[in-house]
Amino acid sequence: MTRKEYEKSQHEANKRIKRLRRLTGSAIADYRMIEDGDHVMVGVSGGKDSYTLLEILLRLREAAPVDFRITAVNLDQGQPGFQRDVIPEYLQNRGVDYEVVKQDNYSVVQRVIPDGKPGCSLCSRLRRGALYSTAARVGADKIALGHHRDDIIETLFLNLFFGGTLKTMPPKLRSDDGRHVLIRPLSYVKEADIAAFAREMKFPIISCGFCVKYENKQRRIIKQMVRDWEKTHPGRVENIFRAMSNVAPSHLLDGDLFDFSSI
Ligand SMILES: Nc1ncnc2c1ncn2[C@@H]1O[C@H](COP(=O)(O)OP(=O)(O)OP(=O)(O)O)[C@@H](O)[C@H]1O
C-alpha cells in the first residue's frame, strides 16, 4: 500500500467511526432507547454486528450526557465446535462487565427441526427467552441487540413476500409479557459499514454453527436482491428505509389503522 492509499484508508476509517457514532446516537435519541440510570444488557454472539454494537455503545457512553451501565452477555447454545473461550477473553481484555450463560438450544433445535430446514425462528425464540431471563437476573432494564438497517429491510420483505403482513423488526420493542424492552441501536447503520468497522477493529469473529446448518435461504435470497438494487438502482434502498418512518395509514387498506367508514 502506498502512503497515499494508506492515508486515504485512514481517512475513510475515521469517517466511518464518526458515521457509526452519529447514526447510533440518532437512533438512540429518536426512539428514546437509553435513559439516565439504565442498565443495558448487550447480547454478544461473536459476530461482527454485536461486537460493533458493544464497541459503539462503550464509546458513546464515554461522551454521553446520560449515565448508563453496560453488561455484555453471551449465550453459549451448546453448538459443536463453538469456540467458547474467545468471547469471554475479548470482553475481559476490553474491560467490560460480562456474563456467559449456558443453555443447550442446539439439542432442542436438532430434535425439532429436520436438517436443511430453517431453524432460525425457533433458535431466536429460545435465545430470546434465555436473554430475557438473564436480563431479569442481572437487573437490566434494556436488552440491546445488534440488528442493523439491512436486517430491518430484509425482514420487511420477508414479511411482505411470505407473511402477507407489512411489518419488520422495530428499533424498540416491549416483550409480550411487558417485562423487558428490546432495543436495536444500530437500526440506522448499514451492514457494509459494520463489516468494514469489524475488519478494522480486528474483532475475534467466531461463526455460529447454527446459522450455517439451519440457515433461512429466503433471507439470503432477499439479502442478495437488496444488494443488487444498491448497485443497479442507487437510492432505492434508502427510499425503502425512509418509507418505513413515513407511513400513510389513510393510503393503505387496513381499517384498524384508519377509519375509512368515517369518510
Ligand atoms: N449467542 C448469543 N448470545 C448473546 N446474544 C446473541 C447471541 N446470538 C445472537 N445474539 C444477539 O442477537 C442479535 C441478532 O442475532 P443474529 O443471530 O440475527 O445475528 P447476526 O445478525 O449475525 O448478528 P451478529 O453479527 O452479532 O452475530 C445479535 O446481534 C446479538 O445482539
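Mentor: Before we look at this predicted model, one term: two strands pair if DSSP finds at least two bridges between them.

Trainee: Good, so how many bridges join S1 to S4, and do they run parallel or antiparallel?

Mentor: Strand S1 (residues 39–43) and strand S4 (residues 142–144) run parallel, joined by three bridges. Take Val40: its bridge partner in S4 is Lys142.

Trainee: What's the strand order in the sheet?

Mentor: The order is S3-S2-S1-S4-S6-S5, in an open sheet of six strands with mixed pairing. Strand S3 (98–102) and strand S5 (172–174) each have a single partner strand, so they stand at the edges with one side left without a neighbour in the sheet.

Trainee: And how much twist from one strand to the next?

Mentor: The twist averages 25°.

Trainee: Which strands does H2 lie across?

Mentor: Helix H2 (residues 48–63) lies across S1, S4 and strand S2 (69–76), and runs at about 155° to S1.

Trainee: Switching to helix packing, how do H6 and H9 cross?

Mentor: The axes of helix H6 (residues 149–163) and helix H9 (residues 217–232) cross at roughly 115° and come within 9 Å. That crossing is right-handed.

Trainee: Which residues make the contact?

Mentor: From H6, they include Ile153, Phe157 and Leu158; from H9, Ile222 and Val226 are among them. The residues of this contact divide into six nonpolar, four charged and one polar.

Trainee: Zooming out, how many helices and strands are in the chain?

Mentor: The chain has 10 helices and six strands. Its radius of gyration is 20 Å, close to the 18 Å from the globule rule for 263 residues, so the chain is as compact as a globular protein of that length.

Trainee: What share of the residues is buried?

Mentor: Buried residues make up 28% of the 263.

Key
Residues are numbered from 1 along each chain as its sequence is written. This is a predicted model: local features need pLDDT of at least 70, side-chain atom pairs count only at pLDDT 80 or more; totals for chains, interfaces and linings use all residues. Axes are lines fitted to C-alpha atoms, for helices over the stretch in contact, and angles run from 0 to 180 degrees between N-to-C directions. Helices (H or I, at least four residues) and strands (E, at least two) are DSSP runs, numbered from the N terminus. A crossing is left-handed if the near helix is turned anticlockwise from the far one by less than a right angle, and right-handed if clockwise. Two residues are in contact if their C-beta atoms, placed from the backbone, lie within 7 Å. Ala, Val, Leu, Ile, Met, Phe, Trp, Tyr, Cys and Pro count as nonpolar, Asp, Glu, Lys and Arg as charged, and the others, Gly among them, as polar. The radius of gyration is taken over C-alpha atoms; the globule rule is 2.2 Å times the number of residues to the power 0.38. A residue is buried if 20 or more other C-beta atoms lie within 10 Å of its own, exposed if 12 or fewer, and partly exposed in between; C-beta atoms are placed from the backbone.
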